[in-house]
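Hi,

Here's the structure I promised to pass on. Have a look at it first, then read my notes underneath.

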Amino acid sequence: MRFEGKVAVVTGAAQGIGEAYARALASEGAQVVIADVDERGRDVADEIKGLFVRTDVSDPASVEAMAEKAVERFGGIDHLVNNAAIFGTMKLDFLFTVDWDYYKKFMSVNMDGALLCARACYPHMQARGGGSIVNQSSTAAWQYSGFYGLAKVGVNGLTQQLAHELGGMNIRVNAIAPGPIDTEANRTVVPGNMSQKIVRDKMALKRMGSPEDLVGACLFLLSDDAAWITGQIINVDGGEVFRA
Ligand SMILES: NC(=O)c1ccc[n+]([C@@H]2O[C@H](COP(=O)([O-])OP(=O)(O)OC[C@H]3O[C@@H](n4cnc5c(N)ncnc54)[C@H](O)[C@@H]3O)[C@@H](O)[C@H]2O)c1
């Protein structure tokens, strides 16, 4: 029960990986805010006795209102998981041809959304003497994957820069870079035979991950067990990408 008395905001937790994070945090005692554009988050929140706030992470007013509601209901914010992204429904296109308005929207959700949520939540963490943030990156950041990977490179940079800006307030910022995770979104966007090829050719451990494979790293980085870890991007990827 590492999160007893703590309040955690998880974005994009209506399904998939974010839902697994939200459930795991609740099972370790946290009061969890599910911030998602998808109303299915309401059912998840009901099941874990959390709070669903319909939130568009790319909209500053929506994100501010979400943080206010979290504080109104639970009295503060200690942890933030920036997991929301356009992924399962994303357009597949090239950087040099993708529609510009779509590209701007994509980056505002998949990269700037994490910054907006951090900006809305950090004052409440500071008011409680500190806190922690985990950003959801991807191994796509180190491989060719177009604007999806570019946004994750941005998330990695944001993790390092924010770690410095918030460290003096005892707020830690880290990221998890998952390899391929078997979610509905992944199955929609990555053809099955391509997933099998990635597993066969690229991965040290010969299987895709599950959301539960990521939970241990996420909760560790959020918890006091990681009290002196900040600005790090941790691969949880079955050995898909080796980094020096
Ligand atoms: N599944 C994988 O293989 C994999 C691998 C590496 C990284 N990731 C990352 O993990 C995260 C979750 O992936 P997933 O597979 O669970 O996908 P998912 O599509 O199931 O989850 C993303 C969630 O974000 C929400 N969302 C989208 N736009 C939003 C917005 N503007 N505001 C608030 N919420 C919004 C969606 O409604 C959804 O619930 C994403 O950041 C993804 O990039 C996934």
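Below is what turned up around the ligand and in one pair of helices.

Before you dig in: this is a predicted model, where local features need pLDDT of at least 70, side-chain atom pairs count only at pLDDT 80 or more, and totals for chains, interfaces and linings use all residues. Residues are numbered from 1 along each chain as its sequence is written, and side-chain values use heavy atoms, with hydrogens and water left out.

Start with the ligand. It has 28 residues around it (a residue counts if one of its heavy atoms lies within 4 Å), and the closest are Asp36, Asn83, Tyr148, Thr183 and Asn186. Some of these make polar contacts, here pairs of N or O atoms within 3.5 Å. The side chain of Asp36 puts an N or O atom 2.7 Å from a ligand oxygen, and a polar side-chain atom of Thr183 is also 2.7 Å from a ligand oxygen. Asn83 uses a polar backbone atom instead, at 2.8 Å from an oxygen of the ligand. On its own the ligand has 820 Å² of accessible area (Shrake-Rupley method, 1.4 Å probe), and the protein covers 93% of that.

Which helices each supply at least two residues of the shell? They are H1 (16-27), H6 (146-167) and H7 (184-189), where a helix is a DSSP run of H or I with at least four residues, numbered from the N terminus.

H6 also packs against H4 (residues 100-110). Phe106 and Met107 are among the H4 residues that meet H6, where Phe147 and Leu150 are among the partners (contact means heavy atoms within 4.5 Å).

Cheers

Key:
Polar contact = N/O pair within 3.5 Å; in protein donor to acceptor, adjacent residues only side chain to side chain. Axes fitted to C-alpha atoms, helices over the stretch in contact; angles between N-to-C directions.
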